[in-house]
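Here's a quick briefing to read alongside the model. Have the viewer open and follow the bullets by topic.

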Amino acid sequence: MENDSFYERVYWVVRQIPVGRVTSYGAIAEFLGTKGSSRMVGYAMGASLRVFPPVPAHRVVNRTGLLTGKQHFGSPHLMQQLLENEGIEVEHDQIKNFKQVFWNPAEALNL
């Protein structure tokens, strides 16, 4: 993974997020050793919809659980629908029980 591009490293992390869980742009950046590059993680998520194998970008939200990347899904409600299909409650573009469904890559992957 160390020789992969930044985007490929981001995609690898996002593919590890379990169904029914979410993480944040900042948590991914910190895990990759690039704390402060949350915006770059967001750019990677925006580009991920054309990537194979698929990247579950709908599972990445901002640090407060807000669906800030929803405009990249083609439909203004698709990101929310994908999350709700996995059992995550969303109200007004905000994950309701964010702390309970938050997945921290630093703890979970512990590489």
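D93 sits in the loop between β3 and β4, and its phi is positive, about 65°, although it is not a glycine. Keep in mind that you're looking at a predicted model. H92 is found in that loop between β3 and β4 too, and its phi is also positive, near 55°, in a residue other than glycine.

**Backbone oddities**

- How exposed is D93? With 23% relative accessibility, D93 counts as partly exposed, because the buried class stops at under 20%.
- H92 comes out as exposed, since its relative accessible area is 71% and the cut-off for exposed is over 50%.
- Which two residues does a cis peptide bond join? They are F52 and P53, with omega at about -5°.
- To find P53, go to the loop between α3 and β2.

**The chain as a whole**

- The protein chain holds six helices and four strands.
- Walk along the sequence and you'll meet them in the pattern α-β-α-α-β-α-β-β-α-α.
- The radius of gyration is 13 Å, and this agrees with a compact globule, because a globule of 111 residues would have a value near 13 Å.
- If you want dimensions, the C-alpha trace spans about 40 × 30 × 25 Å along its principal axes.
- Of the 111 residues in the protein chain, 44% are buried.
- Take the contacts between residues at least 6 apart in sequence: 66% of them join residues at least 24 apart.
- The accessible surface adds up to about 6400 Å², and carbon and sulfur atoms account for 50% of that.

**Helices α1 and α3**

- Helix α1 covers residues 6–16, and its buried residues are F6, R9, V10, Y11, V13 and V14.
- What lies over those buried residues of α1? The cover includes α2, α3, β2 and α6.
- Helix α3 runs over residues 38–47, with V41, A44, M45, G46 and A47 buried.
- The cover on the buried residues of α3 includes α1, α2 (25–31) and β2 (60–61).

**Empty space: one cavity, one pocket to look at**

- Rolling a probe the size of a water molecule over the atoms shows where empty space is left.
- How many cavities of 30 Å³ or more turn up? The count is one.
- About 50 Å³ of space lies in the largest cavity.
- Its lining is made up of Y25, M45, G46, L49, A57, V60, G69, H72, F73 and M79.
- Sorted by class, the residues lining the largest cavity are seven nonpolar, three polar and no charged.
- The largest pocket has a volume of about 200 Å³.
- Around the largest pocket you'll find Y25, R39, G42, Y43, M45, T68, G69, Q71 and H72.
- Which element gives the most to the lining of the largest pocket? That's α3, with four residues.
- By class, the largest pocket's lining has three nonpolar, five polar and one charged residues.
- M45 is worth clicking on: it is one of the buried residues of α3, it is among the residues lining the largest cavity, and it is among those lining the largest pocket.

**Three residues to look up**

- E86 lies in the loop between α4 (78–85) and β3 (90–91).
- Is E86 buried or exposed? E86 is buried, because its relative accessible area is 19% and the buried class takes in values under 20%.
- Apart from its neighbours within four places in sequence, E86 is in contact with V19, G20, H58 and R59.
- K96 is in the loop between β4 (94–95) and α5 (98–101).
- Setting aside neighbours within four places in sequence, K96 is in contact with E89 and E91.
- K96 and G26 are 70 residues apart in sequence, and their C-alpha atoms are 19 Å apart in space.
- A106 belongs to helix α6, residues 105–109.
- A106 is partly exposed, as its relative accessible area is 41%.
- From A106 to Y11 the separation is 95 residues in sequence and 15 Å in space, C-alpha to C-alpha.
- Y11, for its part, is one of the buried residues of α1, and the cover on the buried residues of α1 includes α6.

Note on methods: Residues numbered from 1 in each chain as written. Predicted model: local features only at pLDDT ≥ 70, side-chain atom pairs only at ≥ 80, totals over all residues. Heavy atoms only, no water. Buried < 20%, exposed > 50% of the residue type's maximum accessible area, 1.4 Å probe, protein only. Helix = DSSP H or I, 4+ residues; strand = E, 2+ residues; numbered from the N terminus. Contact = heavy atoms within 4.5 Å. 1 Å grid on protein atoms, 1.4 Å probe; cavity = no way out; pocket = protein on both sides within 12 Å on 5 of 7 lines; lining within 4 Å. Points joined across faces, edges and corners; volume = space filled by probe spheres on them. Nonpolar A, V, L, I, M, F, W, Y, C, P; charged D, E, K, R; others polar. Rg over C-alpha atoms; globule rule 2.2 N^0.38 Å. Areas by Shrake-Rupley, 256 points an atom, 1.4 Å probe, with all protein chains shown as cover.
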